[in-house]
Amino acid sequence: MPVTDAREKAQALYDARRTRIPIPPFTDDDPSLGMADGYAVQKELVALLLADGDSVVGYKVGLTSEPMQKMVGVDSPDYGPVLASTVYRDGDEIPLDRFIAPKVEAEILFVLGERLQGPGVTVTQARAAIAGAVAGMEIVDSRIADWRIKLADTVADLASNGAMATSSRIVPVEDLDTRLIGMTLTRNGELIDTGAGAAALGDPVAVVAWLANVLGENGIALEPGHLVMTGALHAAVPMTPGDVFRAEFDRLGPVTIRVGAGGNA
């Protein structure tokens, strides 16, 4: 059975987001907590954030690569909502004082063109519902101290989502083999990692199908205009003030972020 104190745990995460003071892992006190418990907390946390006037503009899917799944000890991805207040554009400065321990990941994003709701959504159906692919970066962050997360902790914490940045260029996917989209990531002009679309569940479009089916079990649909972040194509990279990250994707083009200290750091 999911945790009975989901609201209390959600409040602790909500407070950590506001104060930028991390909290101990929930799984320290109760190692038996699992994915269902995490989603119960996540639901309560989202309600608190929406009550502040925020809105859901899409979803991030995490743990889409086999190495990440093995690290956390699972055999499937997880997901969390993307909030409107956390979306940045190509070239924006990302203020570090909005986060606790942020890291950057380059990812392929999709923009939904049609409503998509599971169960039973196939990869072919997901591809048909996608308006286009976009170059993107996710800023992952953990409200759990020192990133000492287990599955229930990260799921509760909006799948460790902090923010996202997207290019303004939307590329149709009809003739695009998203598995073969290559990516290079540079920091201050120096190459630090590479990746390809196949790192995300073998095909980033399969991530959209998986998400639609999981959300469909809860009566939730992906709506036109929703953004879907399909998972990191490389290991997450810590961010420091002054860094300039640029991810260059085949066919999709580049997306760049600048890292600033922020007004309160």
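**A buried glutamate, an open sheet and some unusual backbone angles**

Good morning. I begin with L158, which lies in the loop between α6 and β7, the latter spanning residues 161-166. The structure before you is a predicted model. In it, L158 has a positive phi of about 55°, although this residue is not a glycine. Most residues other than glycine have a negative phi. Is L158 buried or exposed? Its relative accessibility is 1%, and because buried means under 20%, L158 counts as buried.

A second residue may be set beside this one. W147 is found in the loop between β6, residues 130-140, and α6, residues 151-156. W147, too, is not a glycine and has a positive phi of about 55°. With a relative accessibility of 22%, however, W147 counts as partly exposed.

I continue with the backbone. Most peptide bonds are trans. Between G118 and P119, however, the peptide bond is cis, with omega at about 5°. P119 has its place in the loop between β5 and α5, the helix of residues 123-129.

Strand β5 itself, residues 103-112, brings us to E107, which lies within it. E107 is buried and yet has no salt bridge. Which side chain of opposite charge is nearest to E107? That side chain belongs to K60, and it is 5.5 Å away. A salt bridge requires a distance within 4 Å, so the separation of 5.5 Å from K60 does not qualify. The side chain of E107 does have a polar atom 3.0 Å from the backbone nitrogen of G231. Neighbours within four places in sequence aside, the residues in contact with E107 include V134, A135, G136, M137 and E138. Also among its contacts are M229, T230, G231, A232 and F249.

I turn finally to a sheet. Strands of a sheet pair through backbone hydrogen bonds, either parallel or antiparallel. Here, five strands form an open sheet in the order β4-β13-β12-β8-β9, and the pairing is mixed. Why do β4 and β9 each have one side without a neighbour in the sheet? Strand β4, residues 93-95, and strand β9, residues 190-196, stand at the edges, and each has a single partner strand, so one side of each is left without a neighbour. On average, neighbouring strands of this sheet are turned by 20° against each other, direction ignored.

At the β4 edge, the partner is β13, residues 253-260, and the two strands pair in the parallel sense over three bridges. In one of these pairings, P95 has G260 of β13 as its bridge partner.

Thank you for your attention.

Technical notes: Residues numbered from 1 in each chain as written. Predicted model: local features only at pLDDT ≥ 70, side-chain atom pairs only at ≥ 80, totals over all residues. Heavy atoms only, no water. Helix = DSSP H or I, 4+ residues; strand = E, 2+ residues; numbered from the N terminus. Buried < 20%, exposed > 50% of the residue type's maximum accessible area, 1.4 Å probe, protein only. Lys, Arg positive; Asp, Glu negative; His and termini not counted. Polar contact = N/O pair within 3.5 Å; in protein donor to acceptor, adjacent residues only side chain to side chain. Contact = heavy atoms within 4.5 Å. Pairing = 2+ DSSP bridges. Axes fitted to C-alpha atoms, helices over the stretch in contact; angles between N-to-C directions.
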